[in-house]
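Work through the exercises below with the sequence and the model open. Each task is followed by a solution in steps.

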Amino acid sequence: MTTTATDQQPAPADRESLLIPVGVLGARGRMGTEVVKAVNDADDLELVAMVDDGDWLFNVADAGAQVVVDFTRPDVVMDNIRFCIDNNIHCVVGTTGFDEARLATVAEWLEPKPELGVVIAPNFGIGAILLMRFAQEAARFFPSVEVVELHHPNKVDAPSGTAVRTARLVASARRAAGLPPVPDATTDELPGARGTDVEGVRVHAVRLAGLVAHQEVLLGAAGESLTLRHDSFDRASFMPGVLLAVREISRRPGLTVGIEGFLGL
Ligand SMILES: NC(=O)C1=CN([C@@H]2O[C@H](COP(=O)(O)OP(=O)(O)OC[C@H]3O[C@@H](n4cnc5c(N)ncnc54)[C@H](OP(=O)(O)O)[C@@H]3O)[C@@H](O)[C@H]2O)C=CC1
Ligand SMILES: O=C(O)C1=N[C@H](C(=O)O)C[C@H](O)C1
């Protein structure tokens, strides 16, 4: 029997036209390699361009990419986003290094293109996203809180984007609850011993061979502590979130930070 477009399954030619053409930036990197695999394995996506350092960025536009996934480096990601916006390509960005100023710049670039979407997510792992949410929920009940992130030693940025976002979310929940500063009597300290300060929350970064991406949020009150921990043992853990963002982004114009909303959180 011949399958036609009126049957349950679209005819092969129609099916091809339904595939989302995807380009990957940083395609030969640790995350990029995994994204290339995930896109190739997805029935509804088509990998049309792979670009890495030294490659011609115009390849993604020439190949007709509708969505670009960027896992490159903090020092190049802004140029990549600008290029995609100029070329009317939706962006799914996992690269770290975004502060408020950078986010505001991207939002400004998007203003003249109201149909375009850019999602910037410090972490696409579902467990990591839930950990951030749980930490935010717990924050108001505990006077003390610190964040510890642990990563592979090839990571160039510290602390991790996820840790910075977690600390900001926790700090915001503490402010909303009217909590005083975290108690800390330290006056005598070797540089770095207390980590870095993100909006009043101490963040510590560990780099260790054998690790991938891990984070703990330690919360303390009189006589008790709560430890929230997430482990990405394999970069495959980020792929369901990346693919969800690729599929959703054309329906989410403007700038989105984090994929919590895509998950119904
Ligand atoms: N949001 C999330 O869920 C996750 C985010 N990340 C973040 O993603 C980023 C990448 O991480 P990771 O894959 O481990 O890093 P890698 O260094 O393994 O990969 C980055 C790749 O991008 C390449 N690159 C550099 N400049 C350009 C450019 N201008 N255009 C295209 N490609 C370029 C690099 O080449 P070269 O090596 O020659 O510089 C490298 O191949 C980091 O910021 C990391 O923190 C990581 C995991 C999960
Ligand atoms: O570089 C990594 O590996 C990771 N980077 C992201 C971050 O900085 O938060 C996400 C995850 O932690 C893995």
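**Exercise 1.** In this predicted model, list the residues around ligand 2 and sort them by character.

Solution. Start with the list: Thr96, Pro122, Asn123, His151, His152, Lys155, Asp157, Ser160, Gly161, Thr162, Ala213 and Phe238 surround ligand 2. Next, sort this shell, which gives 3 nonpolar, 7 polar and 2 charged residues. Glycine is counted with the polar group in this sorting.

**Exercise 2.** Which atoms of proline 122, histidine 151 and lysine 155 lie at polar-contact distance from ligand 2, and what share of the accessible area of ligand 2 does the protein cover?

Solution. A polar contact requires N or O atoms within 3.5 Å. Proline 122 takes part through a backbone N or O atom, 3.5 Å from an oxygen atom of ligand 2. Histidine 151 uses a polar side-chain atom, 2.6 Å from an oxygen atom of the ligand. For lysine 155, a polar side-chain atom is likewise placed 2.6 Å from an oxygen atom of ligand 2. Then turn to the area: on its own, ligand 2 has 320 Å² of accessible area, and the protein covers 84% of it. Finally, locate the ligand: the space that ligand 2 takes is the largest pocket.

**Exercise 3.** How many aromatic pairs does the whole structure hold, and how are the rings of tryptophan 56 and phenylalanine 58 arranged?

Solution. A search of the whole structure gives 3 aromatic pairs. One of them joins tryptophan 56 and phenylalanine 58, with 4.9 Å between centres and 35° between planes, so the pair is tilted. Tryptophan 56 counts as exposed because its relative accessibility is 55%, and the cut-off is over 50%. Phenylalanine 58 has 37%, and therefore counts as partly exposed. Another pair is phenylalanine 71 with phenylalanine 124, at 5.9 Å centre to centre and 65° between the planes, an edge-to-face arrangement.

**Exercise 4.** Which residues come nearest to ligand 1, and how does its shell divide?

Solution. There are 22 residues around ligand 1, and Arg30, Met31, Arg73, Thr96 and Phe124 come nearest. The shell divides into 8 nonpolar, 7 polar and 7 charged residues.

**Exercise 5.** What distances separate the side chains of aspartate 52, threonine 96 and lysine 155 from oxygen atoms of ligand 1?

Solution. For aspartate 52, a polar side-chain atom is 2.9 Å from an oxygen atom of ligand 1. For threonine 96 the corresponding distance is 2.8 Å. A side-chain N or O atom of lysine 155 lies 2.9 Å from an oxygen atom of ligand 1. As to area, ligand 1 taken alone exposes 910 Å², of which the protein buries 80%. The space taken by ligand 1 is the largest pocket.

Definitions and conventions: Residues numbered from 1 in each chain as written. Chains lettered and ligands numbered in written order. Predicted model: local features only at pLDDT ≥ 70, side-chain atom pairs only at ≥ 80, totals over all residues. Heavy atoms only, no water. Near = heavy atom within 4 Å. Polar contact = N/O pair within 3.5 Å; in protein donor to acceptor, adjacent residues only side chain to side chain. Areas by Shrake-Rupley, 256 points an atom, 1.4 Å probe, with all protein chains shown as cover. 1 Å grid on protein atoms, 1.4 Å probe; cavity = no way out; pocket = protein on both sides within 12 Å on 5 of 7 lines; lining within 4 Å. Sits in = over half its atoms within 2 Å of the grid points. Phe/Tyr/Trp six-rings, centres within 6.5 Å; stacked < 30°, edge-to-face > 60°. Buried < 20%, exposed > 50% of the residue type's maximum accessible area, 1.4 Å probe, protein only.
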